[in-house]
Amino acid sequence: DPAPRRWRGVVMFTIGAALIVAALFVVARQGAGLAGVWDAARDSPAWLVALLLALPFLNWLCSAASFHVLTNRYGKVGAIEMGAIIASSWLLNYLPMRPGLIGRVAYHKRFNDIPIAASVQVLAFSIGLSGVAIIVTLASLLLLGVQAGSQGAAPGLRTWFALGVPAILGVAGTLWLRARSSSSWRFVAAGTFKFVDVLVWATRYWACFAMV
C-alpha cells in the first residue's frame with residue numbers, strides 16, 4: 001500500500017532531520033574549540049582541509065560495508081539501506097546514553113525481520129574483526145620498522161605499501177572464498193573493510209596533527 005509507505009518515509013525523514021539538528025547543536029556548543037579549528041583550517045593547504053572533510057565519509061562507507069556483509073547472513077538488507085542505518089546510528093549516538101546501537105538493532109528487527117540475537121552476533125563479530133584489524137596494522141608497522149631500521153630507509157611510500165599488502169590479501173582472499181561458495185568470505189571481507197577503516201582513521205589523525 002503506497003499510503004503507509006509514504007507516511008513512513010515522511011516520519012523517517014523528520015527523525016533524520018531532527019537528528020542532524022541535534023548533532024549540529026552538540027557541535028555548536030564547542031564554542032572556543034570551533035574557533036581554534038577554524039583558525040587552523042584557514043592557515044592550512046586547501047588539499048589538507050578537503051582530505052579531512054572527505055575521510056569521515058570513507059569511514060562511514062567502510063563501516064557500512066562491513067556491517068552489510070555480516071548482517072546479510074541473517075536477512076536481506078540493501079547496501080544503501082545499511083549506509084543510511086549506520087549514518088542514523090552515528091547521529092543517534094550524539095544524544096544522551098548513545099542510543100545508536102539500540103536503534104539499529106530495533107530497526108533490523110522491525111523492518112528486516114532479523115532477530116535481536118543475530119544483531120548481537122553481528123556486533124560481536126564486528127568488534128572482534130576491529131581488534132584483528134588493529135593487530136594486523138600494528139604488526140605491519142613493527143615489521144616495517146625492523147626493515148626500515150636495518151636499512152636506514154625513511155618512512156613514506158614504503159609505509160603505505162606495507163600497510164596496503166594486508167588489504168590486497170584480504171580482497172584476494174574474499175574473491176577466492178566466494179568463488180568456492182564458502183561462507184567464510186563474509187568474515188574476510190568484513191575484516192578487510194575494518195582494516196581499511198583503521199587506515200583511514202590513522203590518516204585522519206595524521207591530517208589533524210599536520211593541520212594544527
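**Entry 1: the overall order**

Which pattern does the protein follow when it is read along the sequence? I began with this, keeping in mind that the model is a predicted one, and I found the pattern to be α-α-α-α-α-α-α-α. My count agreed with that reading, since there are eight helices and zero strands in the protein. I then looked up burial for the whole chain, and of its 212 residues 31% count as buried.

**Entry 2: the largest pocket**

I turned next to the open spaces, and noted that the largest pocket holds about 1,800 Å³ of space. Its lining is made of 42 residues, and those that lie nearest the centre are Pro56, Trp90, Tyr94, Trp201 and Arg204. I wrote down the elements that give two or more residues to this lining, which are helix H1 (2–28), helix H2 (32–42), H3, helix H4 (79–92), H5, H6 and helix H8 (185–211). H3 supplies the largest share, with nine residues. Sorting the lining of the largest pocket by class, I recorded 30 nonpolar, seven polar and five charged residues.

**Entry 3: the second largest pocket and helix H4**

For the second largest pocket I noted about 400 Å³ of space. It is lined by 16 residues, of which Met12, Ala84, Ile85, Ser88 and Tyr107 lie nearest its centre, and the elements that give two or more residues to this lining are H1, H4 and H5. Which element gives the largest share of the lining of the second largest pocket? I found that H4 does, with six residues. By class, the lining of this second pocket divides into eight nonpolar, five polar and three charged residues.

As H4 had come up in the linings of both pockets, I looked at the helix itself. H4 has 14 residues and reaches 20 Å from its first C-alpha to its last, which is close to the 20 Å expected at 1.5 Å a residue. Its buried residues are Met82, Gly83, Ile85, Ile86, Ser89 and Leu92. I kept a general note beside this list: an α-helix has 3.6 residues a turn, so residues three or four places apart point the same way.

**Entry 4: the closed space**

How many cavities of 30 Å³ or more are there? I counted one, and its volume is about 70 Å³. The residues that line the largest cavity are Phe67, Thr71, Met82, Leu101, Arg104, Val105, His108, Ser119, Val122 and Leu123. Helix H3 (46–71), helix H5 (100–111) and helix H6 (116–151) are the elements that give two or more residues to this lining, and H5 provides the largest share, four residues. The lining of the cavity divides into six nonpolar residues, three polar and one charged. Met82, which lines the cavity, is also among the buried residues of H4.

**Entry 5: helix H7**

Why do I take the span of H7 to agree with its number of residues? The 23 residues of this helix (residues 157–179) should span 33 Å at 1.5 Å a residue, and because the end C-alpha atoms are 32 Å apart, the two values agree. H7 nevertheless bends by about 25° at glycine 164, and proline 166 follows within four residues. Glycine 164 is also one of the buried residues of H7, and the others are Thr159, Ala162, Leu163, Ala167, Gly170, Thr174 and Leu177.

**Entry 6: two residues with positive phi**

After H7 I came to serine 181, whose phi is near 55°, a positive value in a residue other than glycine. Serine 181 is found in the loop between H7 and H8, and I take it to be exposed because its relative accessible area is 69%, where exposed means over 50%. Aspartate 113 likewise has a positive phi of about 55° although it is not a glycine, and its place is in the loop between H5 and H6. At 62% relative accessibility, aspartate 113 counts as exposed.

**Entry 7: the cysteines**

Last, I looked for disulfides and the count came to zero. Is cysteine 62 buried or exposed? I recorded cysteine 62 as buried, because its relative accessible area is 9%, whereas cysteine 208 is partly exposed, with a relative accessible area of 38%.

Conventions: Residues are numbered from 1 along each chain as its sequence is written. This is a predicted model: local features need pLDDT of at least 70, side-chain atom pairs count only at pLDDT 80 or more; totals for chains, interfaces and linings use all residues. Side-chain values use heavy atoms; hydrogens and water are left out. The expected span of a helix is 1.5 Å times one less than its number of residues. The bend at a residue is the angle between axes fitted to the seven residues ending there and the seven starting there. Buried means under 20% relative accessible area, exposed over 50%, partly exposed in between (1.4 Å probe, protein chains only). A disulfide is a pair of cysteine sulfur atoms within 2.5 Å. On a 1 Å grid over the protein atoms alone, a cavity is a set of points where a 1.4 Å probe fits but cannot get out, and a pocket is an open set with protein on both sides within 12 Å along at least five of seven lines; lining residues have an atom within 4 Å of a point. Grid points are joined across faces, edges and corners, and a volume is the space filled by probe spheres set on the points. Ala, Val, Leu, Ile, Met, Phe, Trp, Tyr, Cys and Pro count as nonpolar, Asp, Glu, Lys and Arg as charged, and the others, Gly among them, as polar.
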